[in-house]
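Hi there,

Here is the structure I promised to pass on to you. Please have it open while you read, as my notes follow below.

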Amino acid sequence: MAYLENVNSPADVKKLSVKELESLAGEVRAAVLKRDSLIGGHVGPNLGMADAIIALHYVFNSPEDKIVFDVSHQCYPHKILTGRKNGFVNPEDYGKITGYTNPAESAHDHFTIGHTSTSLSLASGLAKARDLKGEKHNVIAVIGDGSLSGGEALEGLDFGGSELNSNFIVVVNDNQMSIAENHGGLYKNLELLRQTNGKAELNLFKALGYDYVYVNDGNDIATLIKAFQSVKDSTKPVVVHLNTNKGKGYAPAEQNKEPWHWSVPFDVESGKPTVDFGAGETYNDITYNLLTDKIKQGENVVLMTAGTPGVFGWNVEKRAALGAHYVDAGIAEEHSVAMASALAKGGCKPVFCVMSSFIQRTYDQLSQDLALNRNPAVILVFWGGLSGADATHLCSFDMAMMSSIPNLVCLAPTNKDEYVAMLNWSLKQDEHPVVIRVPAGAPVAGMVSPIALHRSEVVEQGKGVAIWALGNFMKLGRDVVAALKEKGLAPTLVNPRFYNAVDEALLSELKKNHKLFITLEDGVLDGGYGEKVARFFGASDVRVLAYGGKKEFTDREPVESIYERNRLTVPHILEDVLSLLK
């Protein structure tokens with residue numbers, strides 16, 4: 001890597017000729033591919049934006065000029081050029097950097113960002129602060145990969161063009177893709193602008209008050225430099241629209257853009273994964289097969305996603321098979337929840353599938369548009385639980401958030417058969433909006449009794465100690481029961497099933513011959529299920545030990561470490577119980 005080895009800051013980028021910058025772009029792509037192939041990561045977005053990011057750092061003066069990346073899907077080349085290249089070329093340093101922008105890593109990063117559609121709002125705030133302080137630097141918002149369809153992006157775009165009469169530069173990375181294909185009318189305007197080389201009279205950005213620059217070859221560094229130089233130090237808002245090639249420089253990613261948006265570790269030469277997750281049945285399969293069967297039977301089931309069909313295993317063929325029963329709203333979770341409510345009101349059975357980390361964006365729609373109106377939509381929350389993920393993609397807050405909303409019925413199945421029963425129950429009933437936290441891991445069979453609203457299930461009857469093991473933590477509950485039995489105790493094991501409310505009748509019944517209740521939940525304790533149980537027994541002599549995660553942002557901390565710190569292990573729980581019983 002003849003050029004990259006001498007690039008340690010944007011100042012080094014500025015010393016190179018255009019031809020040398022083109023060679024540097026190839027080396028940056030090679031570094032991205034090397035890291036992604038060994039530990040996984042975003043492939044296509046970063047390869048496609050390497051040229052533009054090099055040109056940005058050639059023209060602008062980061063960190064004095066503020067570059068704000070949306071979602072961080074496109075920030076790997078930026079990290080490489082701003083002193084963090086070892087995190088891409090040296091495997092022993094891979095764990096030292098995140099896959100997202102992070103001010104703790106570098107002064108060139110201004111926000112910790114991993115969720116979509118935020119760059120315009122954040123950058124507009126930086127621009128406003130600059131103007132109030134009488135400063136003169138550039139503020140650049142970089143957005144792409146379908147993020148423009150998000151509500152916050154549209155709000156930020158609307159504000160920036162009309163309310164900021166100063167330097168505000170928006171770089172639109174138009175690679176004709178979201179995570180999957182684009183959805184939404186604004187992308188038709190981007191397509192029209194590409195077809196007319198930016199000259200179409202119908203121009204969303206101009207209509208919102210922006211000057212407009214179009215770059216047809218968004219991977220040509222010389223052209224990019226000229227475009228950025230033309231808007232540098234602009235005194236009014238301007239959009240630079242780049243037509244880029246997602247996956248540029250790596251044939252598998254160019255030819256199959258959707259699966260190469262993000263990839264597990266892979267062999268660079270063949271493009272084949274180097275990890276094997278097995279070929280067994282998944283909850284994705286169970287969900288899709290159950291719902292498509294209902295569609296075939298004539299039911300008006302609608303499968304919904306907000307731009308992430310791949311998360312649920314819905315490939316192009318599966319999406320096509322659903323026909324009109326499939327809705328991809330683009331990256332627009334808020335709209336998806338409200339639309340699901342209205343679909344239910346209109347007599348359909350909408351099932352909105354969403355990652356735990358992304359349902360956070362929809363609190364108001366869950367509360368006002370859905371729960372307040374009691375429309376029987378179904379929301380399936382995937383990947384929920386304490387995990388070793390980046391701070392931006394934690395999935396431990398969904399249960400506490402959901403259970404705070406009136407009228408929203410929330411279930412946490414413990415096995416495959418219970419999940420199927422709960423999904424069927426949710427689709428059959430028509431009185432409540434329902435959330436189901438899809439179990440983590442491989443599906444396992446299990447016994448299941450009929451589902452009754454807000455009624456828990458006694459898995460094993462005992463006395464003295466009652467263990468309430470919610471959802472994913474049923475296995476932990478069984479292990480704790482086994483450990484307590486070895487100590488001569490005969491605990492009761494309960495499957496709560498519902499986490500938005502407690503089964504008051506069962507708690508009252510068990511209170512007669514149980515003095516210690518233990519709750520286990522795979523999420524944050526604050527606002528969670530254990531607090532509800534503790535509150536129920538607050539005025540009595542019953543003791544409650546609530547186990548779950550602290551209310552905190554962890555960042556790539558191994559889940560075993562999280563369990564250890566929170567005493568979510570059998571030895572810890574056993575120690576606590578025996579100590580309290582003494």
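Phe69 sits across from Val142 of strand E3, and that is a handy place to start in this predicted model. The two strands involved, E2 and E3 (residues 139–144), pair in the parallel sense over 4 bridges. They belong to an open sheet of 5 strands, ordered E2-E3-E4-E6-E5, in which the pairing is parallel. At its edges stand E2 (66–69) and E5 (211–215); each has a single partner strand, so one side of each is left without a neighbour in the sheet. On average, neighbouring strands here are turned by 20° against each other, direction ignored.

Moving one strand further in, E3 is joined to E4 by 5 bridges, and these two run parallel. One pair to look for is Gly144 with its bridge partner Asn173 in E4. How many residues of E4 are buried? The count is 7 of its 7. Both faces of the strand are covered: Phe168, Val170, Val172 and Asp174 are buried on one side, while Ile169, Val171 and Asn173 are buried on the other.

Helix H8 (residues 186–195) is worth a look next. It lies across E4 (168–174), E5 and E6 (237–243), and runs at about 75° to E6. Its buried residues are Leu186, Tyr187, Asn189, Leu190 and Leu193. Viewed down the axis of H8, these fall within an arc of 150°, so they line one face of the helix. Their packing partners are helix H7 (151–163), E4, helix H9 (204–207), E5 and E6. On the face turned away from this buried side, you will find the exposed residues Lys188 and Gln195. Just after the helix, Asn197 takes a positive phi of about 55°.

Now to the second sheet I'd like to show you. This one is also open and has 5 strands, in the order E14-E16-E15-E17-E18, but with mixed pairing. Its edge strands are E14 (457–460) and E18, each of which pairs on one side only. Neighbouring strands are turned by 25° against each other on average, again ignoring direction. Within the sheet, E15 and E17 run parallel and are joined by 6 bridges. Ile467 stands opposite Ile518 in E17. Helix H19 (residues 474–486) packs on this sheet, where it touches E14, E15, E16 (492–495) and E17. The direction of H19 makes about 160° with that of E15.

Helix H21 (residues 529–536) has its own buried set, namely Tyr529, Gly530, Lys532 and Val533. Around the axis they cover an arc of only 160°, which puts them on the same side of H21. The elements covering them include E15 (464–469), helix H20 (504–510), E17 (514–524) and E18 (543–549).

What about empty space inside the model? There are 4 cavities of 30 Å³ or more. The largest has a volume of about 90 Å³. It is lined by 13 residues, and those nearest its centre are Leu386, Ser396, Glu552, Thr554 and Ile562.

One of those residues, Ile562, also turns up among the contacts of Glu557. Glu557 is placed in the loop between E18 and helix H22 (559–565). Is this residue buried or exposed? Its relative accessibility is 17%, and because the cut-off for buried is under 20%, Glu557 counts as buried. Leaving out residues up to four places away in sequence, Glu557 touches Ser387, Gly388, Ile562 and Arg565.

Two more residues to click on before I let you go. Thr287, in helix H12 (residues 283–296), is buried with a relative accessible area of 1%. Beyond its neighbours within four places in sequence, Thr287 is in contact with Leu380, Phe382 and Tyr419. Pro91 lies in the loop between helix H5 (86–89) and helix H6 (119–133), and is partly exposed, with a relative accessible area of 41%. Residues up to four places away aside, Pro91 touches Lys34 and Leu38. Pro91 and Arg35 are 56 residues apart in sequence, and their C-alpha atoms are 7.3 Å apart in space.

Happy browsing, and all the best!

Technical notes: Residues numbered from 1 in each chain as written. Predicted model: local features only at pLDDT ≥ 70, side-chain atom pairs only at ≥ 80, totals over all residues. Heavy atoms only, no water. Pairing = 2+ DSSP bridges. Axes fitted to C-alpha atoms, helices over the stretch in contact; angles between N-to-C directions. Contact = heavy atoms within 4.5 Å. Buried < 20%, exposed > 50% of the residue type's maximum accessible area, 1.4 Å probe, protein only. Arc of directions from axis to C-beta. 1 Å grid on protein atoms, 1.4 Å probe; cavity = no way out; pocket = protein on both sides within 12 Å on 5 of 7 lines; lining within 4 Å. Points joined across faces, edges and corners; volume = space filled by probe spheres on them.
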